[in-house]
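Subject: Structure for you to look at

Hello,

I am passing on the structure we spoke about. Please have a look at it first; my notes follow below.

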Amino acid sequence: MSARCQVLGTTPGFGHAVSHSHRRTKRRWDPNVQRRRYDVPSLRRRVTLTVSARGIKTIDRLGIDVVVARMLARGERLR
């Protein structure tokens, strides 16, 4: 599963892990992505989305119909 939220477009962040002695090594911060199934009344079917925790809160706040409409307008593909 890719580390990208379909709702918000959140992708991994990159930077350095800095040790006590100040040696720096590359590291990456992945978003908390999860696969969720939603019933979408406007499409009359279920869709499976890869969403971050913040994306789930956005769906709860706006509603799945509004979020799916925005995703389709953006050209996102729904499974």
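Arg4, Arg74 and Glu76 are linked in a network of salt bridges. Please keep in mind that this is a predicted model. Within the network, the pair formed by arginine 74 and glutamate 76 has its closest N and O atoms 3.7 Å apart. The two partners sit in unlike surroundings: arginine 74 is partly exposed, at a relative accessible area of 47%, whereas glutamate 76 counts as buried because its relative accessibility is 16%, and buried means under 20%.

The search of the whole structure gives 4 salt bridges. One of them joins the side chains of arginine 28 and aspartate 30, at 2.7 Å from N to O. Both of these residues are partly exposed, arginine 28 at 43% relative accessibility and aspartate 30 at 47%. Another salt bridge is between aspartate 39 and arginine 46, at 2.8 Å from N to O. Arginine 46 is also partly exposed, with a relative accessibility of 47%. As background, side chains of opposite charge can pair when their charged atoms come close.

Next, the strands. Strand 3 and strand 4 run antiparallel and are joined by 8 bridges. One bridge pairs valine 33 with serine 52 of strand 4. The hairpin that these strands form has 4 residues between them, and arginine 44 there has a positive phi near 60 degrees.

Then helix 1. Which residues of helix 1 (residues 53-62) are buried? They are Gly55, Ile56, Thr58 and Ile59. Seen down the helix axis, the buried residues fall within an arc of 160 degrees, so they line one face of helix 1. The general reason is that an α-helix has 3.6 residues a turn, so residues three or four places apart point the same way. On the face turned away from the buried side, helix 1 carries the exposed residues Arg54, Lys57, Asp60 and Arg61.

What do the buried residues of helix 1 pack against? Their partners are strand 3 (33-40), strand 4 (45-52) and helix 2 (64-74). The hairpin strands described above are thus part of the packing around this helix. Just after helix 1 comes glycine 63, with a positive phi of about 105 degrees.

Those are my notes on this model.

Best wishes

Key: Residues numbered from 1 in each chain as written. Predicted model: local features only at pLDDT ≥ 70, side-chain atom pairs only at ≥ 80, totals over all residues. Heavy atoms only, no water. Buried < 20%, exposed > 50% of the residue type's maximum accessible area, 1.4 Å probe, protein only. Helix = DSSP H or I, 4+ residues; strand = E, 2+ residues; numbered from the N terminus. Arc of directions from axis to C-beta. Contact = heavy atoms within 4.5 Å. Pairing = 2+ DSSP bridges.
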